[in-house]
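This briefing goes through one helix and the pockets of a predicted model. Please keep the sequence and the structure at hand while reading.

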Amino acid sequence: MTVYNKLVRDRIPEVIEASGKKCEVRVLDDQEYILRLNQKLQEELQEYLADQSVEELADMVELIQAILEFKEVSLDQFEQIRKEKHEVRGGFRKRLFLVNVSE
């Protein structure tokens, strides 16, 4: 038996059982769910930083969408927040690196 104790995608139990194995899962309460989402996002970020894989970015987006849903923020609302920040502060396309600021 291998113990994982981690948040997994919704269809993972089906995948495991289709392979002839058995698994035990439990449904998380709200407090633990958001904690585990945040932990999983951090895990996926570390995996992305290690190998720069676009697949890891896709995992991060999936987690961000789950966090937004938990926080009852629609993708449209989130995009509006992003656009507003972009209009006020800009994006990252110019590749600017702030070295210092003096008085």
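At the N-terminal end of α3, S53 acts as the cap, with a side-chain oxygen placed 3.1 Å from the backbone nitrogen of E55. The helix that follows, α3, covers residues 54-70, and just after α3 comes E72, which takes a positive phi of about 60 degrees.

**Helix α3**
- With 17 residues, α3 reaches 24 Å from its first C-alpha to its last, which is close to the 24 Å expected at 1.5 Å a residue.
- The residues of α3 that are buried are E56, M60, L63, A66, I67 and L68, and what covers them includes α2 (30-51) and α4 (75-89).

**The largest pocket**
- The largest pocket has a volume of about 1400 Å³, and of the 31 residues that line it, K6, L7, V8, R9 and V25 are the closest to its centre.
- Helices α1 (12-18), α2 and α3 each supply at least two residues of the lining of the largest pocket, while α2 gives the largest share, namely six residues.
- Sorted by class, the lining of the largest pocket comprises 16 nonpolar, two polar and 13 charged residues.

**The second largest pocket**
- The second largest pocket has a volume of about 270 Å³, and its lining is made up of R82, K85, H86, R89, G90, G91, F92 and R93.
- Sorted by class, the lining of the second largest pocket holds one nonpolar, three polar and four charged residues.

Note on methods:
Residues numbered from 1 in each chain as written. Predicted model: local features only at pLDDT ≥ 70, side-chain atom pairs only at ≥ 80, totals over all residues. Heavy atoms only, no water. Helix = DSSP H or I, 4+ residues; strand = E, 2+ residues; numbered from the N terminus. Expected span 1.5 Å × (residues − 1). Buried < 20%, exposed > 50% of the residue type's maximum accessible area, 1.4 Å probe, protein only. Contact = heavy atoms within 4.5 Å. Polar contact = N/O pair within 3.5 Å; in protein donor to acceptor, adjacent residues only side chain to side chain. 1 Å grid on protein atoms, 1.4 Å probe; cavity = no way out; pocket = protein on both sides within 12 Å on 5 of 7 lines; lining within 4 Å. Points joined across faces, edges and corners; volume = space filled by probe spheres on them. Nonpolar A, V, L, I, M, F, W, Y, C, P; charged D, E, K, R; others polar.
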